[in-house]
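Trainee: Please take a close look with me at one helix and what lies around it. I would like to start from a single residue and work outwards.

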Amino acid sequence: MRRPPLTELPSRLPVDGYLLALAGTVALAALLPARGPAASVADGAATGAVALLFFLYGARLPPREAMAGLRHWRLHLTVLACTFVLFPALGLAARALVPQVLPPTLYTGLLFLCLVPSTIQSSIAFTSLARGNVAAAICAGSFSSLVGIVVTPLLAGLVLHGNGGGFSAGSLLSVVCQLLLPFLAGQLLRRWIGGRLTRHKKALGRVDRGSILLVVYAAFSAGVVQGIWHQVSAPRLLCLLGVEAVLLAVMLSATWYGSKRLGFHRADRIAVTFAGSKKSLAAGLPMASVLFGAQAGLAVLPLMVFHQMQLMVCAVLAKRFAAAAGPEPAVAGGVGGSTAEVAGDVAASGARR
């Protein structure tokens with residue numbers, strides 16, 4: 001049997017591989033932060049990367065998916081309410097933990113993570129594994145990401161202004177120029193470039209991830225240069241971990257049992273649970289770099305911690321849902337397919353994130 005090369009990572013890591021890359025980027029920024037002219041170059045590159053990222057988001061999001069999903073409007077409204085109403089409400093309630101449990105800097109980051117949209121890719125994957133409504137997870141995640149481009153900055157303007165978020169009218173203008181306009185440009189040009197982007201989705205995935213790593217490096221470098229990391233101690237970081245564990249547990253319980261009270265059947269409840277309880281690192285990091293500027297380092301730390309936590313917890317939860325459902329029925333006559341096959345088709349067509 002062929003032995004894998006030393007540079008090849010195992011297929012199943014105990015921690016998400018991209019999170020390892022993010023951790024390595026943070027370590028690089030701590031050891032070799034960009035200073036002086038190099039910082040200006042890094043900031044400019046990060047700004048361009050964010051604009052490119054949202055241009056690609058717009059160019060790859062098929063408008064027909066959003067239109068097709070409108071038929072299941074109750075489910076989508078439920079997910080949007082969880083993402084942009086219940087999550088922010090819990091974030092505001094956590095204000096009582098300042099300063100005894102969380103310092104204001106970490107609380108601002110915690111509140112920001114409550115404002116960002118839900119994920120698409122991991123929501124689909126976990127819904128498929130749990131044998132839920134994959135099509136609903138696709139549309140719910142897509143709607144959340146699309147709505148979040150507008151709603152997240154608006155909510156940030158409302159709730160972060162008085163919490164040390166540094167949000168201002170200038171920040172909103174930056175969001176429009178760096179996020180919304182590139183996204184709309186991508187949607188307008190999708191007719192001509194969408195097919196080409198779909199054919200090169202693997203290369204574009206590397207562009208996506210590389211752009212986010214660049215944003216993280218620029219943000220954390222600025223934090224190191226300004227000395228903001230000396231403001232957070234190890235016990236406070238442990239407190240943050242505990243608070244986020246409680247937040248995730250509350251959201252998973254609220255989405256699962258709340259969707260039951262609303263009359264959704266099991267497959268839809270699974271979609272609501274995974275789409276309504278999760279937050280997008282891919283969308284949140286670029287937004288934080290625009291909204292917080294030099295203070296983005298601490299602002300994104302709670303989001304990075306929550307992202308890894310939600311992946312680990314939801315992976316276990318999805319397997320339990322699948323086990324509780326019993327053996328998956330075979331599909332007669334080759335028509336249709338399992339939820340895993342549907343998720344694979346979706347991934348192949350470029351409906352990600």
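Mentor: Let's start with I138, which lies in helix α7; helices here are DSSP runs of H or I with at least four residues, strands are runs of E with at least two, and both are numbered from the N terminus. I138 counts as buried because its relative accessible area is 8%; buried means under 20%, exposed over 50%, and partly exposed in between, using a 1.4 Å probe and protein chains only. A125 sits 13 residues from I138 along the chain, and the C-alpha atoms of the two are 9.8 Å apart.

Keep in mind that this is a predicted model, in which local features need pLDDT of at least 70 and side-chain atom pairs count only at pLDDT 80 or more, while totals for chains, interfaces and linings use all residues. Residues are numbered from 1 along each chain as its sequence is written, and side-chain values use heavy atoms, with hydrogens and water left out.

Next comes the loop between α6 and α7, where R131 is found. The phi of R131 is near 65°, a positive value in a residue other than glycine. With 21% relative accessibility, R131 is classed as partly exposed.

Helix α6 itself holds T127, a residue that counts as buried because its relative accessibility is 0%. Setting aside residues up to four places away in sequence, T127 touches G132, N133, V134, A137, I270, A271 and F274; contact means heavy atoms within 4.5 Å. Among these partners, I270, A271 and F274 are also on the list of buried residues of α11, and that helix is the part I'd like to look at closely.

How much of α11 is covered? Mostly covered is the description that fits, with 9 of its 11 residues buried. Those buried residues are D268, R269, I270, A271, V272, T273, F274, A275 and G276. The cover over them includes α4 (73–93), α6 (121–129), α7 (134–159), α10 (234–261) and α13.

Of these neighbours, let's take α13 next. Two packed helices are described by the angle between their axes and the distance between the axes. For α11 (residues 266–276) and α13 (residues 296–325), the angle is about 175° and the axes are 12 Å apart; axes are lines fitted to C-alpha atoms, for helices over the stretch in contact, and angles run from 0 to 180 degrees between N-to-C directions. α11 and α13 are therefore roughly antiparallel to each other, a label for angles over 145 degrees, while those under 35 count as roughly parallel, 65 to 115 as roughly perpendicular and the rest as oblique. From α11, R266, I270, T273 and F274 take part, and in α13 they meet C314, L317, A318, F321, A324 and A325. Sorted by type, the residues of this contact are 8 nonpolar, 1 polar and 1 charged; Ala, Val, Leu, Ile, Met, Phe, Trp, Tyr, Cys and Pro count as nonpolar, Asp, Glu, Lys and Arg as charged, and the others, Gly among them, as polar.

Another neighbour, α10, has 28 residues that should span 40 Å at 1.5 Å a residue, which agrees with its end C-alpha atoms being 40 Å apart; the expected span is 1.5 Å times one less than the number of residues. Its buried residues include L240, V243, L247, M251 and W256, and the buried residues of α10 pack against α4, α5 (104–113), α11 and α13. After α10 comes G263, with a positive phi near 90°.

Both α10 and α11 supply residues to the next topic, the nonpolar core. The largest one has 71 residues, and L110, F112, L160, L247, F274, L285 and F292 touch the most other members; such a core is a set of buried Ala, Val, Leu, Ile, Met, Phe, Trp, Tyr and Cys residues joined through side-chain atoms within 4.5 Å. Its largest share, 13 residues, comes from α13. L247, leaving out residues up to four places away in sequence, touches F87, L90, L110, L113, C114 and F306. Another core of 9 residues lies apart from the largest one, with V79, A136, A137 and F264 among its members.

Stepping back, the protein has 14 helices and 0 strands, and 48% of its 353 residues are buried. Among contacts between residues at least 6 apart in sequence, 86% join residues at least 24 apart.
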